Amino acid sequence: MRKSEEFDTAFSPRGSLDGRNSFFLVGMGGAGMSALARMLVHRGFIVAGTDSTKSPETERLQAEGIDIHIGHTAEPITSEMAVVLTDAIDIASSPEYKTAQEYGCPIVRRSVCLGWLLQDKKVIAVTGTHGKTTTTGMLGAGLIAAGLDPFVMVGANIPQWGGPVIEGKGEWAVVEACEAYDSFHDLDPYIVLLTNLELDHVDFHGSYENLRESVLRFVRRIPDGGALVFCSEDKGAVEVAEMSGVRDIPYAAQDFGRLLGTDDTPTLKGKHNLLNAAGAALAAHTVGADPRLAAEGIASFHGAERRMQVLQEGPITVVDDYAHHPTEIAATIQALREKFAGRRLTVVYQPHLYSRTAPLIQEFADALSAADEVILTDIYPAREDPIPGVSSARIAEKVASSAHYVPSRHLLPLKVARMLQPGDVVVGMGAGNISEFGPALIQELNRNRNPLKIAVIYAGDSAEREVSILSGRAIHAALTRLGHKSELVDITDILFKTGDLTRFTGPNRPDLAFLAVHGTHAEDGAIQGLLELLHIPYTGSGIQASAIAMDKEMTKRVLTTQGIKMPKGKLLNSTDDHVDLPPPLIVKPNAQGSTVGLSFVTNHDELCPALQRAFAYDDAVIVEEMIVGMEISTPVLDDKALPPVEIAPASGKYDFESKYTPGATEEIVPARLPPHLLDEAKRIALQAHRALGCAGATRTDAIVRGEEIFVLEVNTLPGMTGTSLLPNSAKAVGIDFDQLCQRLVEDALRRDAAKT
């Protein structure tokens with residue numbers, strides 16, 4: 001934020017630019033600065049500069065041969081240069097400002113440099129709270145059509161001109177004159193066109209009265225022969241005219257048609273644009289332009305970039321607009337209603353500045369309520385620090401129509417695309433980086449989801465990494481056979497090697513993540529949490545269910561409350577903890593895969609080594625009674641239990657080696673149990689699946705002793721290898737491996753769609 005006390009102490013006067021022919025512009029990517037850069041180049045000056053961020057505008061400048069560096073640096077500055085700063089630059093932290101001071105370079109604001117360049121012109125300054133850009137463009141178009149060959153500088157790119165500047169050779173200069181930070185005081189106006197006036201730029205002016213006083217001081221600089229052209233339909237503009245003491249010329253909406261001599265209206269729709277056109281026409285007439293020719297030029301003006309700019313026509317029309325004040329929002333919505341009559345209108349709005357938002361929260365809500373759907377994202381702070389209690393969420397709460405709050409603008413394309421319907425018009429609105437929304441939404445709407453792009457997440461950093469690699473490869477092969485665009489992705493490798501997750505963002509992100517990881521940081525909710533943050537749908541259970549199921553002690557607590565039998569046991573946090581259970585026992589880490597670090601203890605001498613082995617994998621260990629009986633595993637798929645699988649290891653012990661070594665364990669489907677126990681096993685597995693809040697496919701491991709079934713644990717991401725239990729159980733009911741993978745894909749996509 002530029003401070004008034006800086007104007008005289010931190011910057012050089014206009015005359016310091018005399019004799020300079022080399023300029024360095026800081027913040028050159030901004031609309032006003034890029035226009036200034038082009039002016040300087042056109043006049044034969046040497047121009048270089050910096051901007052913090054690469055943008056379409058910086059790319060255009062580079063394409064035009066202008067030397068612009070991305071990232072603030074003082075290295076290109078020499079003592080021969082004059083340094084020009086946009087008001088968005090904080091001089092206390094600017095390396096360019098510091099170096100310019102050390103070299104003794106003239107340092108001026110953008111507005112001072114502009115005033116210096118226009119000293120030999122008669123300046124028509126277009127100012128006001130709203131409509132400056134469009135009115136400046138209209139007036140320029142009118143004078144051009146009338147043959148006056150004006151110089152024109154607009155505060156935005158004009159597509160039909162190929163830029164923001166027209167380098168006319170005539171005596172008149174049409175310039176957008178901004179009241180923010182008193183920058184218009186650096187111009188020498190001959191004609192002032194005042195569109196309207198209401199409270200804005202509170203961060204600098206503080207109050208409406210201060211703002212009005214600043215405008216009055218500017219207007220009173222109009223020399224003899226000049227005039228104030230003002231909107232008679234705006235209270236603030238009328239006040240300035242009455243208080244100014246200069247020659248004034250009022251205009252109203254009907255004046256445009258009167259000058260043109262027809263009932264035709266401008267190409268740009270809305271009453272606000274009719275008023276803008278009338279003001280431009282009256283100003284053109286005032287400086288001697290042929291009224292009819294000028295009005296025809298104004299009527300054919302197609303608008304500035306980001307002023308109701310249609311980015312895409314079609315079943316869904318996408319518009320970009322700069323409106324950032326309640327009055328502007330209301331006018332733009334009204335104009336869009338007129339232009340796209342009968343179509344549902346969605347406004348995606350980003351408030352600009354905390355200081356502007358704070359006093360106008362209700363006014364913003366009232367203006368936005370005229371849309372059918374409103375999506376608000378976080379306030380664009382620019383140079384400001386947050387103000388406690390000022391949030392876009394407060395506006396959303398007060399909007400009378402359907403309203404949604406999406407805190408991160410990066411999520412807007414994804415979220416909004418899901419809300420839209422054929423025939424809708426959607427407009428991205430605001431003065432900050434919401435300009436990125438429209439192009440990103442178009443990319444999102446045009447995403448090619450055929451074939452489906454699936455990232456198979458495998459490997460990881462758990463003790464079951466190698467098993468996960470086998471699962472991942474098998475799934476990848478199946479998805480490829482099914483016609484999907486599948487790729488294997490090791491998240492752990494990415495995070496530690498490059499940290500680059502851009503493949504999971506934007507329009508080229510995967511449509512789905514198929515989880516083929518096992519063990520810690522896989523089945524415990526960690527990978528699910530990352531994917532939730534990336535807003536990528538995934539197979540398997542969510543964060544909470546995964547975390548509970550991975551914690552064997554927590555699972556025991558949840559399932560026992562459901563009346564499900566589980567072995568008696570104890571959670572240990574140290575090898576010194578007392579164990580009061582007699583052998584035989586099972587000792588295993590509390591949060592690892594079902595067979596990782598597992599030991600069978602038949603006597604007390606084996607307990608200590610078993611504990612040491614388990615604690616090598618986890619900070620907590622489960623010791624529980626060994627239930628002797630038939631070991632079974634019952635999968636659940638699509639909220640239905642599959643046939644229980646009998647596990648018969650050749651060694652008699654189902655440990656890691658027996659589980660994953662081909663041929664080491666016989667898997668019998670269905671388990672050799674009487675029908676009533678098979679049904680009971682399926683009922684218990686489904687009950688456990690639901691009690692933990694699981695989704696996708698799970699596998700409940702249990703021991704059958706006589707007529708009793710004891711659940712050991714629930715696996716939320718069952719293995720998908722050649723020896724895995726889930727695929728074998730599915731195969732027994734006619735679901736082959738490829739079909740199993742496809743059903744898991746469809747389940748994940750179905751659950752993701754249900755979130756919208």
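**Rings, a sheet and a helix pair**

Let's start with the aromatic rings: this predicted model has 8 aromatic pairs, counting two rings as paired when their centres lie within 6.5 Å. One of them joins F184 and F218. Their ring centres sit 4.4 Å apart and the planes make 20 degrees, so the pair is stacked, given that planes under 30 degrees apart earn that label. What makes this contact worth a look along the chain is where the two partners come from: F184 belongs to the loop between β9 (172-176) and β10 (189-194), while F218 is part of helix α8, residues 208-219. That puts them 34 residues apart, and the pair links distant parts of the chain.

Are these two rings buried or exposed? F184 has a relative accessibility of 1%, so it counts as buried. F218 comes out at 0%, and therefore counts as buried too.

Elsewhere, ring pairs tie F23, F45 and W116 into a cluster. Rings also show up with charged partners. K122 lies over the face of Y190, 4.9 Å from the ring centre, and R307 lies over the face of Y322, at 4.1 Å from the ring centre.

Now for the sheet. It is open, with 5 strands running in the order β3-β2-β1-β4-β5, and the pairing is parallel. Which strands stand at the edges? Those are β3 (67-70) and β5 (107-109); each has a single partner strand, so one side of each is left without a neighbour in the sheet. Averaged over the sheet and ignoring direction, neighbouring strands are turned by 20 degrees against each other.

Zooming in on one edge, β2 (residues 46-51) pairs with β3 in the parallel sense over 4 bridges. If you want a residue to click on, try T50, whose bridge partner in β3 is H69. Two helices pack on this sheet. Helix α2 (residues 31-42) touches β1 (22-26), β2 and β4 (82-85), and its direction makes about 170 degrees with that of β1. Helix α3 (residues 56-63) touches β2 and β3, with its direction at about 145 degrees to that of β3.

The last stop is a helix pair further along the chain. Helix α22 (residues 543-550) and helix α23 (residues 552-560) have axes that come within 5 Å and cross at roughly 105 degrees. Angles of 65 to 115 degrees count as roughly perpendicular, and α22 and α23 are therefore roughly perpendicular to each other. Which residues meet here? From α22 come I548, A549 and M550, and on the α23 side they meet K552, M554, T555 and V558.

Terms used
Residues numbered from 1 in each chain as written. Predicted model: local features only at pLDDT ≥ 70, side-chain atom pairs only at ≥ 80, totals over all residues. Heavy atoms only, no water. Pairing = 2+ DSSP bridges. Axes fitted to C-alpha atoms, helices over the stretch in contact; angles between N-to-C directions. Contact = heavy atoms within 4.5 Å. Phe/Tyr/Trp six-rings, centres within 6.5 Å; stacked < 30°, edge-to-face > 60°. Buried < 20%, exposed > 50% of the residue type's maximum accessible area, 1.4 Å probe, protein only. Lys NZ or Arg CZ within 6 Å of the ring centre and 35° of its normal. Parallel < 35°, antiparallel > 145°, perpendicular 65-115°, else oblique.
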